[in-house]
Amino acid sequence: MEWLESMHRIRALKLELARMDPRRGMPIAPPAGASEEAIAGVERRLGMALPPSYRELLSRHDGWPQLFAGANLLGVRALARGSYMDVGRMVLEHCEGEEVRGAGERDGASATVRGRYGARSALVPFGIDAAAETVFAWDPEARTPDGELEIILWTNDVGLRLSGFPELLDMVKDMLAAELDDRRRRAVAQIEPAALARGAVASRSRVRAVAVPLTPAPRPLLRSALTG
């Protein structure tokens, strides 16, 4: 299961980033898995089979906190209740509405664009952040031969279509790895000038040390009662 390895790698990258910058906080440990009965209840509630990868995720961990851009992967309770369904769909429809209008203004092909994007009321959100700025949603009309569902990702008014949950995890993993590499480069860039400055101070100290006479200057003879 490559997606499971990706989850472990994502957590390891987040731990390393937290060590470098404690202000971002340590990653939250995911909860224990949900029961088969609870997962089956979600599928009945949604009226569709969950993607195999996400179904396996729920059996191991009932959701995953703060996977990407503060967005949590939803567990069985939120999925079954539809807690974020209306909010997620509203965000998706608003974002795609803006995209439709923008594309129509650019090329005048509003009918074609609407036919391509259309209303997204059928999308099923399964990940969202507290501010509803980042949303992951399955497209039930785009199921691959292996049972996975294509994903619509909206974040910061930018939309992406991904082939499925494994690709989403690969994207998050690559972005975290790139952030970690960038932070390491910046840390090295900050250390090098400081090391050069310390080296210069040490060199000047050695020069001063060499300039100090190795033997003390002769002291004048003291007069005494014997010498007059």
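## Exercises on a predicted protein chain

The accessible surface of the protein chain in this predicted model comes to about 14100 Å², and 55% of that surface belongs to carbon and sulfur atoms.

### Exercise 1. Overall architecture

Describe the secondary structure of the protein chain and the order of its elements, and state what share of its residues counts as buried.

*Solution.* Begin with the inventory, which for the protein chain comes to seven helices and six strands. Next, follow the sequence from its start, where the pattern reads α-α-α-β-β-α-α-α-β-β-β-β-α. Then turn to burial: the chain has 228 residues, of which 36% count as buried. Finally, consider the contacts between residues at least 6 apart in sequence, of which 58% join residues at least 24 apart.

### Exercise 2. The buried residues of helix α3

Identify the buried residues of helix α3, and work out how they are arranged around the axis of α3.

*Solution.* Helix α3 covers residues 52–60, and its buried residues are S53, Y54, L57 and L58. Viewed down the axis of α3, these buried residues fall within an arc of 135°, and therefore they line one face of the helix. The spacing can be understood from helix geometry: an α-helix has 3.6 residues a turn, so residues three or four places apart point the same way.

### Exercise 3. Three salt bridges

The structure holds 13 salt bridges; for the pairs R55 with E43, D139 with R161 and R186 with D182, establish which elements hold the partners and how exposed each partner is.

*Solution.* The underlying principle is that side chains of opposite charge can pair when their charged atoms come close.

Step one concerns R55 and E43, which form a salt bridge whose closest N and O atoms are 3.0 Å apart. Since R55 lies in helix α3 and E43 in helix α2 (residues 36–46), the pair ties together parts that are twelve residues apart in sequence. R55 is partly exposed, at a relative accessible area of 23%, whereas E43 is buried, at 16%; the cut-off that decides the matter is that buried means under 20%.

Step two concerns D139 and R161, where the closest N and O atoms of the salt bridge are 3.2 Å apart. This pair links distant parts of the chain, with D139 in strand β4 (residues 134–143) and R161 in strand β6 (residues 158–162), 22 residues apart. D139 counts as buried at 5% relative accessibility, while R161 is partly exposed with a relative accessible area of 40%.

Step three concerns R186 and D182, whose closest N and O atoms are 3.2 Å apart in their salt bridge. Both residues belong to helix α7 (residues 165–211), and because they are four residues apart there, about one helical turn separates them. R186 is partly exposed with a relative accessible area of 45%, and D182 is likewise partly exposed, with 30%. Elsewhere, salt bridges that share partners join D21, R23, E179 and R183 into one network.

### Exercise 4. Aromatic pairs

The count of aromatic pairs comes to seven; classify the pair of Y54 and F165 and the pair of F126 and F136, and place each pair in the chain.

*Solution.* For Y54 and F165, the ring centres are 5.3 Å apart and the planes stand at 80°, so the pair is edge-to-face. This pair links distant parts of the chain, since Y54 is in helix α3 and F165 in helix α7, 111 residues apart. Both Y54 and F165 are buried.

For F126 and F136, the distance is 5.9 Å centre to centre with 40° between the planes, and the pair is tilted. Here F126 lies in strand β3 (residues 124–128) and F136 in strand β4, ten residues apart. F126 counts as buried at 0% relative accessibility, and F136 is buried with a relative accessible area of 0%. The two pairs come together in one aromatic cluster, formed by Y54, F68, F126, F136, W138 and F165.

### Exercise 5. The nonpolar core

Determine which residues touch the most other members of the largest nonpolar core, and list the contacts of L67.

*Solution.* The general expectation is that, in soluble globular proteins, nonpolar side chains tend to be buried together. The largest nonpolar core has 43 residues, of which Y54, L67, L73, F126, W138, F165 and L168 touch the most other members. Its largest share, seven residues, comes from α7. Leaving aside residues up to four places away in sequence, L67 touches M7, I10, K14, L73, F136, L168, L169 and V172.

Methods. Residues numbered from 1 in each chain as written. Predicted model: local features only at pLDDT ≥ 70, side-chain atom pairs only at ≥ 80, totals over all residues. Heavy atoms only, no water. Helix = DSSP H or I, 4+ residues; strand = E, 2+ residues; numbered from the N terminus. Buried < 20%, exposed > 50% of the residue type's maximum accessible area, 1.4 Å probe, protein only. Contact = heavy atoms within 4.5 Å. Areas by Shrake-Rupley, 256 points an atom, 1.4 Å probe, with all protein chains shown as cover. Arc of directions from axis to C-beta. Salt bridge = Lys/Arg side-chain N within 4 Å of Asp/Glu carboxyl O. Phe/Tyr/Trp six-rings, centres within 6.5 Å; stacked < 30°, edge-to-face > 60°. Core = buried A, V, L, I, M, F, W, Y, C linked by side-chain atoms within 4.5 Å.
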